[in-house]
Amino acid sequence: MDWGMQNRLAGIIKPATGRCVMLAIDHGYFQGPTTGLERPGETVAPLLKYADALMLTRGVLRSQIDPGQRTPIVLRVSGGTSVLKDDLSDEEITVSMEDALRLNVAAVAVSVFVGSDHEKQTLGNLATLCDRGQKYGVPVLAVTAVGKSMTRDARYLGLACRIAAELGASVVKTYYCEGFEKVVAGCPVPVVIAGGKKIDERDALKLAYNAVSTGAVGVDMGRNIFQSKWPVAMIRAVRSIVHDGCSDEQAWEAFQRDAGKAVAGATA
Ligand code: 5RP
């Protein structure tokens, strides 16, 4: 791997721990104004210092994020669909590598829909991006999107992650599932997990703990952080699991302390 690509990757997956807490706020690219992201700049401002990387689209980056901030950017560069369609898999590449470089990104992100009607097209998008990224030293994060008819089990996710890695992804983002260690064992590049729909904070911390203790290098979490009533407490708690080796129980205790202070501060 060349120096530029290694340097960009080291900005995302921290060499000190080999782990990563990425904050995902790219949901609007097909969902529109997602709850908690109506004003994304305001949402992420207090969270950025706890995020190793921020995953978002070009439009939100340009319009909402201070160019003076230093958190590495993972730019979503696939899209072209919306929640109004049943089939979300009909994606294309939406940003040129030249524009991604102009935006000084640390990586680009693309979804693959293995087993969908547009499997070949989305895998082609990934392969094309890997070629373009290779030219300039830009790593590609492949997101294993799961269609409604697919089961999020180790067999399916293991297949999707392995294909993404085989086609050249530097990092793969997928979902946690039972038997997750098999997904990681079959994937020759680092794996991070998405958080999925908002769940109770205690359960989201357990999810993060289960993922890293079965081989994920970290999380690329969105709604379970920015839709929490206590997003700063939540990202700090997730960080303590990913980077500091805390158990989910320890992180939950820290979360409650932080959230309690936030409530006390707000009512003082
Ligand atoms: C959508 C994405 C999202 O970034 C991803 O799902 C992470 O967010 P969350 O933790 O809210 O699931 O890649 O395809």
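A polar contact is taken here as a pair of N or O atoms within 3.5 Å. In this predicted model, Gly-222 meets that cut-off through its backbone, where an N or O atom lies 2.8 Å from an oxygen atom of the ligand. Two side chains join in. Asp-26 brings a polar side-chain atom to 2.4 Å from a ligand oxygen, and Arg-223 has a side-chain N or O atom 2.7 Å from an oxygen of the ligand. With the protein in place, 95% of the 370 Å² of accessible area that the ligand has on its own is covered. The ligand sits in the largest pocket, with 14 residues around it. Asp-26, His-27, Gly-196, Gly-222 and Arg-223 are the closest of these.

Turning to the aromatic rings, the count comes to four pairs. Tyr-29 and Phe-30 make an edge-to-face pair, with 5.0 Å between centres and 75° between planes. Tyr-29 counts as buried because its relative accessibility of 18% falls under the 20% cut-off. Another pair, Tyr-176 with Phe-180, is tilted, at 5.2 Å centre to centre and 45° between the planes. Its two members differ in burial: Phe-180 is buried, with a relative accessible area of 0%, whereas Tyr-176, at 24%, is partly exposed. Elsewhere, ring pairs tie Trp-230, Trp-252 and Phe-255 together into a cluster.

One ring also has a charged partner: Arg-152 lies over the face of Tyr-175, at 3.8 Å from the ring centre.

Terms used: Residues are numbered from 1 along each chain as its sequence is written. This is a predicted model: local features need pLDDT of at least 70, side-chain atom pairs count only at pLDDT 80 or more; totals for chains, interfaces and linings use all residues. Side-chain values use heavy atoms; hydrogens and water are left out. Rings of Phe, Tyr and Trp (its six-membered ring) pair if their centres lie within 6.5 Å; planes under 30 degrees apart count as stacked, over 60 as edge-to-face and the rest as tilted. Buried means under 20% relative accessible area, exposed over 50%, partly exposed in between (1.4 Å probe, protein chains only). A charge sits over a ring if NZ of Lys or CZ of Arg is within 6 Å of the ring centre and within 35 degrees of the ring normal. A residue is near a molecule or strand if one of its heavy atoms lies within 4 Å of it. A polar contact is a pair of N or O atoms within 3.5 Å; within protein, one must be able to donate a hydrogen and the other to accept it, and residues adjacent in sequence count only if both atoms are side-chain atoms. Accessible areas come from the Shrake-Rupley method with a 1.4 Å probe; for residues, only the protein chains shown count as cover. On a 1 Å grid over the protein atoms alone, a cavity is a set of points where a 1.4 Å probe fits but cannot get out, and a pocket is an open set with protein on both sides within 12 Å along at least five of seven lines; lining residues have an atom within 4 Å of a point. A molecule sits in a cavity or pocket if more than half of its atoms lie within 2 Å of its grid points.
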